[in-house]
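Subject: Structure handed over, with notes

Dear colleague,

Here is the structure I said I would pass on to you, and below it you will find my notes. Please read them with the model open beside you.

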Amino acid sequence: MTHVYRTTATYATDEARSTWKERAARHSLLPLRLFLGVTFIYAGLDKLTDSAFLSASGAGSIGELMNNVRNTSAVPALVDMALKNPEGFGYAMALGELAVGIGTLLGLLARLAALGGVLISLSLWLTVSWQTEPYYYGNDLAYLMAWLPLVLAGAATFSLDAALAERRRRDL
């Protein structure tokens, strides 16, 4: 059976369908932005409000976590760098997650925020969840992959980036 695609004629049903498809395509990354933005804001706030996490040693501390993953990580030098100042590293991680989450949620410097998300997720995958077997049980690799579409596409709708771009177009 041969299929023929009509390229010249348009029908009311085709127009309604393409409008819906175009709208869906335009907003397709919005759920991902919302999820990643809220999740990273929550992760950053959770770290900043947990005094045990922001300690160099002790149960639940960033120092203990880094010591525990030191010998099983893919990049022990990265863990060693964090162990030089565990509290500082914990604050940097928390503030980075907060900045990435806010930028992603608001769509402000969205590609840069997503790149920050990639770097955070990559560093966590190579250190904390590297030893997870099978690899797909570790969530950091999934987060890393989830950030990539936002690095490539940015935040085209419902974002401060889009509002600023529209304002620049009107001013020209």
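The notes that follow go from the overall fold to the pocket, the cores and one loop residue.

Please keep in mind throughout that this is a predicted model. The secondary structure of the chain consists of 8 helices and 0 strands, so that the pattern read along the sequence is α-α-α-α-α-α-α-α. Of the 172 residues in the chain, 32% count as buried, and the chain exposes about 11100 Å², of which 63% is supplied by carbon and sulfur atoms. When contacts between residues at least 6 apart in sequence are considered, 71% of them join residues that are at least 24 apart.

Turning to the pocket, the largest one has a volume of about 500 Å³. Its lining is made up of 26 residues, and those closest to the centre of the pocket are Lys-47, Met-93, Glu-97, Leu-124 and Asp-140. Two or more lining residues come from each of helix H2 (30-48), helix H3 (62-69), helix H4 (76-84), helix H5 (86-106), helix H6 (110-127) and helix H7 (139-153). Sorted by class, the lining contains 16 nonpolar, 7 polar and 3 charged residues.

As for the interior, the largest nonpolar core has 16 residues, and Leu-36, Phe-40, Ile-120 and Trp-147 are the ones with the most contacts inside it. At least two residues of this core are supplied by each of H2, H5, H6 and H7. A second core, separate from that one, has 7 residues, among them Phe-53, Leu-54, Ile-62 and Ala-82.

Phe-40 may be a useful residue to display when you look at the larger core, as its contacts beyond four places in sequence are with Glu-97, Leu-98, Val-100, Gly-101, Gly-117, Ile-120, Ser-121, Tyr-143 and Trp-147. Two of the residues named there, Ile-120 and Trp-147, also stand with Phe-40 among those that have the most contacts inside the core.

Finally, is Ser-159, a loop residue, buried or exposed? Ser-159 lies in the loop between H7 and helix H8 (160-171), and it counts as buried because its relative accessible area of 7% falls under the 20% cut-off. Apart from neighbours within four places in sequence, Ser-159 is in contact with Arg-33, Leu-106 and Gly-107.

With best regards

How values were computed:
Residues numbered from 1 in each chain as written. Predicted model: local features only at pLDDT ≥ 70, side-chain atom pairs only at ≥ 80, totals over all residues. Heavy atoms only, no water. Helix = DSSP H or I, 4+ residues; strand = E, 2+ residues; numbered from the N terminus. Buried < 20%, exposed > 50% of the residue type's maximum accessible area, 1.4 Å probe, protein only. Contact = heavy atoms within 4.5 Å. Areas by Shrake-Rupley, 256 points an atom, 1.4 Å probe, with all protein chains shown as cover. 1 Å grid on protein atoms, 1.4 Å probe; cavity = no way out; pocket = protein on both sides within 12 Å on 5 of 7 lines; lining within 4 Å. Points joined across faces, edges and corners; volume = space filled by probe spheres on them. Nonpolar A, V, L, I, M, F, W, Y, C, P; charged D, E, K, R; others polar. Core = buried A, V, L, I, M, F, W, Y, C linked by side-chain atoms within 4.5 Å.
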